[in-house]
Amino acid sequence: MELKELKNEIINKSKPRIPRWLIKTAIVFFILFFVAASASAAVYLTFEKKYEGKIYPGIYLGEIELGRKTPAEATKAINDKINEIYKNGINFYYQNSQTAIFPVIESVESDLAYPLINFDGEKTVSDAYSFGRNGNFLGNLQKKIHLFFSEKKLFIKITTEDEKIKKTLEEKFSQLEIPAYDAGLIYEEITVKKATGTKLAIKFETNKEKVGKMIDYEKGIDILKTRLSSLDSDHIELSASAAYPKIYQKDCFNIDAKAQKILAAAPLTLKYKENEWIINEKRLALWLALKINPEMRDNAPENKIIIGLAENKVKEFLEKEAAPKINQPTIEAKFSVLGGRVAEFQASQDGTELDMDAGL
C-alpha cells in the first residue's frame with residue numbers, strides 16, 4: 001500500500017460518521033419549527049389585529065365581560081350597572097326588617113346631596129385595556145396566554161363613608177338589638193333591732209348581669225365593599241354576635257361592706273355661696289354604683305369591683321337642683337345718655353356655669 005493511500009485511510013477512520021437518518025430528521029425538525037414559528041407569528045399578528053383598540057377577551061369585572069369591547073363600550077357597560085345600583089340601592093336585612101343603602105343620600109335640611117359610595121369606573125377600564133399591553137413583549141405574551149386558559153377578574157375601586165352607612169343601618173335596626181347589662185347595685189331599707197329600739201337601715205346587694213346581642217354593622221359594611229368592588233348588588237344579611245357585660249356578679253365581693261363605708265359619710269353638704277344642698281343617706285345610696293377598679297391587681301380579684309358614684313344620677317341631680325341657682329348669663333354693660341347726661345346705667349356681670357364633671 002502506498003503512503004498516500006495509507007494516510008487517507010487513517011484520516012477517514014479518525015472522523016466519526018453521522019448517520020444519514022439523523023441528518024434527515026434534523027432537517028425535518030428545522031422545517032417544522034420554521035413552519036410552526038411562521039404559523040404562530042401569523043396567528044399572533046391576526047390576534048393583535050382583531051383586538052386592536054379593544055380589550056383582550058377573558059377579562060371580567062364581576063359578571064360583566066369587558067373583553068372584546070372597546071374602552072367606550074366597556075365604560076358604558078360599567079356605568080349601566082352603576083346606575084342600576086344608584087337607582088335600586090343595596091338592600092340590608094336583619095330578621096324580618098329591611099332597609100336600602102343608596103350611593104347618594106339627599107339631605108333633609110337642604111337641596112344638597114352627599115355621596116356614601118363612589119365608583120372609579122375609568123380606572124377599571126384603563127386597567128382592563130392595559131392588561132397585556134403595558135409590559136415588555138414576553139410579559140405581555142405571558143398575560144395573553146393566561147387569558148387563553150383562564151379568566152382575569154378585575155375589581156372596581158370604590159370609596160365609602162363607613163360611619164354614615166353605619167349610622168343609617170343603626171337607625172333602622174338598633175331597636176332589634178339587645179344591649180348587655182352589667183351586674184348592678186341594688187339596696188333595700190330594712191328594720192334593725194337595737195337595745196334602744198328599732199332603726200331603719202340600708203342593705204346593699206347585687207343583681208345578675210345580662211348578655212346581649214348586637215348587630216355586627218362593621219362586618220356588613222365589609223361585605224358591602226367586597227361585593228360592590230365586583231358591582232354585585234345582591235342583598236346582604238346582617239349577623240349579630242353576643243355582647244358581653246363588663247361587670248359580673250361573681251366578681252362582686254364584700255359589696256355591702258364597701259358601700260356601707262361610703263354611706264357612713266352621709267349626710268354630705270354641697271355649697272355654693274349662700275346656697276346649700278344636703279345629700280342624705282338615702283340619696284347617697286341612690287347614687288352608688290358598681291365600678292371596675294382601674295388599679296386592680298391580678299393577685300387581688302376581690303378588689304376588682306369597687307363602689308363609686310353613678311355619674312348620670314349625680315349629673316341629673318345637679319342639673320335639676322343646683323344648676324338653676326348657679327348658672328348666670330354674662331351681662332354686658334349698658335348706659336343711655338339723655339340731655340348730655342347718663343340717664344340709665346347697667347353694670348356688666350360675669351357669667352357663671354356649673355362644671356358638671358368636676359369632682360366626679
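Which residues make a nonpolar surface patch of about 410 Å²? The answer is Ile145, Phe148 and Phe149. Keep in mind that this is a predicted model. Besides that patch, here's a quick look at helix H3 and a few of the 16 salt bridges that the structure holds.

**The nonpolar patch**
- Phe148 sits in helix H5, which runs over residues 137–149.
- With a relative accessibility of 69%, Phe148 counts as exposed, since the cut-off for that is over 50%.

**Helix H3**
- H3 covers residues 71–88, and its end C-alpha atoms are 26 Å apart, which agrees with the 26 Å expected for 18 residues.
- Its buried residues are Ala74, Ala77, Ile78, Lys81, Ile82 and Ile85.
- These buried residues take up an arc of only 130 degrees around the axis, so they fall on the same side of H3.
- Turned away from that buried side is a face with the exposed residues Ala72, Lys76 and Lys87.
- The cover over the buried residues of H3 includes strand E3 (90–94), helix H4 (121–130) and helix H7 (217–228).
- Right after H3 comes Gly89, with a positive phi near 70 degrees.

**Salt bridges**
- Lys282 and Glu189 pair up at 3.6 Å, N to O.
- Lys282 is in helix H9 and Glu189 in strand E10, so this pair ties together parts 93 residues apart in sequence.
- Asp251 bridges to Lys304, with the closest N and O atoms 3.4 Å apart; these two are 53 residues apart, each in a loop.
- Asp251 counts as buried at 12% relative accessibility, while Lys304 is partly exposed at 26%.
- Shared partners join Lys250, Asp251 and Lys304 into one salt-bridge network.

Notes
Residues numbered from 1 in each chain as written. Predicted model: local features only at pLDDT ≥ 70, side-chain atom pairs only at ≥ 80, totals over all residues. Heavy atoms only, no water. Patch = residues over 30% accessible without salt bridge, like charges linked within 9 Å, V, L, I, M, F, W, Y side chains within 5 Å. Areas by Shrake-Rupley, 256 points an atom, 1.4 Å probe, with all protein chains shown as cover. Salt bridge = Lys/Arg side-chain N within 4 Å of Asp/Glu carboxyl O. Helix = DSSP H or I, 4+ residues; strand = E, 2+ residues; numbered from the N terminus. Buried < 20%, exposed > 50% of the residue type's maximum accessible area, 1.4 Å probe, protein only. Expected span 1.5 Å × (residues − 1). Arc of directions from axis to C-beta. Contact = heavy atoms within 4.5 Å.
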